[in-house]
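Dear colleague,

I am handing over a structure to you with this email, and below it you will find some notes on its salt bridges. Please look through the structure first and then read on.

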Amino acid sequence: MASEHHPFRGIFTSLSKPGGGGEYGKFYSLPALNDPRIDRLPYCITVLLESAIRNCDNFQITEDDVGRIIDWGTTSADQVEVEIPFKPARVLLQDFTGVPALVDLAAMRDAMNELGSDPDAINPLVPVDLVIDHSVHADLARSENALKANMDLEFRRNKERFAFLKWGSTAFHNMLIIPAGSGIVHQVNLEYLGRVVFNSGGLVYPDSVVGTDSHTTMIDALGIAGWGVGGIEAEATMLGQPMSMLLPRVVGFKMSGKLRDGVTATDLVLTVTQMLRNHGVVGKFVEFYGPGMATLPLADRATIANMSPEYGATMGFFPVDHVTLQYLKLTGRSDDTIAMIKAYFYWAYLHANRMFVDYNEPQEHRAYSSYLELDLSGVEPCVSGPKRPHDRVPLKDMKADWHACLDNRVQFKGFSVPKREQGKVVKFTFHGQPAELKHGSIVIAAITSCTNTSNPSVMLGAGLVAKKACELGLEVKPWIKTSLAPGSGVVTKYLQKSGLQKYLNQLGFYTVGYGCTTCIGNSGELDASVASAISDNDIVAAAVLSGNRNFEGRIHPLTRANYLASPPLVVTYALAGTVDIDFDKEPIGPGKDGKSVYFKDIWPSNEEIAEVVESNVLPDMFKNTYEAITDGNPFWNELSVPSSNLYPWNPDSTYIHQPPFFKGMNLDPSHPCGVKDAYCLLNLGDGITTDQISPPGSIHKESPAARYLMEHGVDPKEFNSYGSRRGNDEVMARGTFANMRIINKLLNGEVGPKTIHIPSREKLYVYDAAMRYKSAGQDTIILAGAEYGTGSSRDWAAKGPMLLGVKAVISKSFETIHRSNLVGMGIIPLCFKCGEDAETLGLDGHEHYTISLPQKISDIRPGQDVTVTSNTGKSFTCMLRFDTRGRAGIF
């Protein structure tokens, strides 16, 4: 509450209930500032402004900071970079990123204890919500027993992790943990955790959130400002530190018109992603507005907001409007809560903060840094791939694009398959039946990921496609691994009520689990016969999924082509069995009467979908699903946990291990030091993702991590994934740069997780080479191209290299979150000067590198020039990236 010393206590006022029924509490009124500049601010900037005013203490956040935000219009127009602090209302975690965050907090308590201080001082100061959703694998698919079997395996594999998380929920204050099997974190956030407006002890303020998953942005659809951060930043935020960020430019994205018949929300988001990627929105906010918004359901908005990382924006924001309130009512929020939210935002209320958009009224013009416009009626069906989410392909052009990809050299849009090999047919036996694969044959078809699996229109649309296909006699080839991983239990309720689940089951799309599966590499193994047919014959096999990420090596090591598509298209492609098809001209397959069945025969109209949605998606489904969500399940409830506030580490655990980051800490930080005579551990190209630096998926059976696990008695069947073992630094260090598709120039183009140990010229796994350097007391650096560290915000992508002894990364550009994580782990991020890179400078990675930094911290300045010299006599200047800049071209 505002004290008498609060700089803005004069605008602290009551939020009245409608009709004179008392008050909800008190809030900081932006209109009471009587500053006309506020009325022109983008809605997303007013969220930052309110937070700065509410948290202003003239220490962490000053009145000058508030003034800089109010003056956004001037600084944005003048392209002036302004740094501000921001305190979000809460932090969101999932288990892949939440386990290492809690491991760090537990280790911090140990460090506090060793320093003679109170370990309980390490405790979240803001609410922390953690949803366990990343641990389920699609081990068993195409079976009515898949859900139970996969959950059994999930709890058996992750018993230590889950017990540790359950301990954290009792040992730390302000922490809510949603047990496994409840749904995908972002959908649970949207349907249940999102407050829109907080009322904390009578203090009313907007909800805002940062999360350790880059797709935290899905919550922006609800008018809640949220985006992904690294685990290191999240931990600082939990402990009450404000985030330092640049006051962002805001791209205004105007929507008009209405989607045509047959066009889905996925088609829209892939179009928006391509437009914004081309426009350049890195480090920026995007705010959607315009008359088209009135026709856009909140689930469709969530699909667009979810993909913010794919188009490069910090967030894609949808201000609160009538659609928001309708969704809150649909998802079971109480009438009183909705009334309070409306009272806080609605512009027509005398004492509201006027952050509500009413499309029935004339719109007041908001200033934006730049503008884009899309007529929704111009959006056409499409997919994206085969290796990047922003490589959109119109559905009508898919066959031609696929053949071009086969012809093109190996790159984001190429596989370099010789013409004579492109028509190759590989015949094999699948469970006693004859089977065959070609280039482009689909082996994985997955309705998965938070992007689409909770959008009723596309989920019920997929069910309608399945129904029509089954009625016409179409089938999915038995060797295609089909799966359905809903975003929440609500999806199962409306699919069952509509009667469409049985048709999805008939085609093999049984529910495999409630969580993030195929999209993060938890796709499970392919049948051995299928895997052999692909590997032995170098087939470019395909996966089609309704996800948001399709980087090579992410979905499955054996699917080199991966396409993002809407759930109805996933079903359609599964029926076709190949991506090498023109749906306008070629039949999907023969029906039960032998007659060819075409795309148009099974594709539902928008009216059909809307009718099914209206009849079968009901508020009680949400209420019933979430009423008991924190009660857990028998597996969760049976977990026993220690009662101590200090975690009793088990040295034999291969899941939870005390990390070395806080051991031997003292109260006096060490002085900065440069890098001397460092070897190049890897020489990498453009677009290196956090998946390639620290893969989330399966642990290869010949990798250093596999050797470690087997040495500790773990059977290969129980390896689980790198993501599930992020609580063990020993595994994660060995898994750093373990992606099977990474290309290291030191290996002359050879693909795989190895490198050259320069002194001995031996080819070794990256971890083994790094340990040789460390044991010899030799530093290492990494050379890279543009956009280093793109993809999911993953703290292990910085922690891992630090444990390998990497002291610096020299690249053409960085992804912002990853760069900040490198700094947090003591790794120096350096950018080549514009127009320069390792190749233009004649560096092949066999040199020794020396980087000179100032000896005093006070002499180090963000963006300053730093000289790098090599033992071959080459010297070049780089930019020191200890800053928060994130404009396009320099991530």
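Let me begin with one pair: K413 forms a salt bridge with D401, with the closest N and O atoms 2.7 Å apart, where a salt bridge is a side-chain nitrogen of Lys or Arg within 4 Å of a carboxyl oxygen of Asp or Glu. This pair links distant parts of the chain, since K413 lies in the loop between helix 15 (398-407) and strand 20 (425-430) while D401 lies in helix 15, 12 residues apart; helices (H or I, at least four residues) and strands (E, at least two) are DSSP runs, numbered from the N terminus. D401 is buried, at a relative accessible area of 19%, and here buried means under 20% relative accessible area, exposed over 50%, and partly exposed in between (1.4 Å probe, protein chains only).

Please keep in mind that this is a predicted model, in which local features need pLDDT of at least 70 and side-chain atom pairs count only at pLDDT 80 or more, whereas totals for chains, interfaces and linings use all residues. Residues are numbered from 1 along each chain as its sequence is written, and side-chain values use heavy atoms, with hydrogens and water left out.

A second salt bridge joins the side chains of R707 and D768 (2.9 Å, N to O), and this pair too links distant parts of the chain, R707 being in helix 26 (residues 704-711) and D768 in helix 28 (residues 766-775), 61 residues apart. R707 is partly exposed at 34% relative accessibility, and D768 is partly exposed at 21%.

In total, the structure holds 40 salt bridges.

Best wishes
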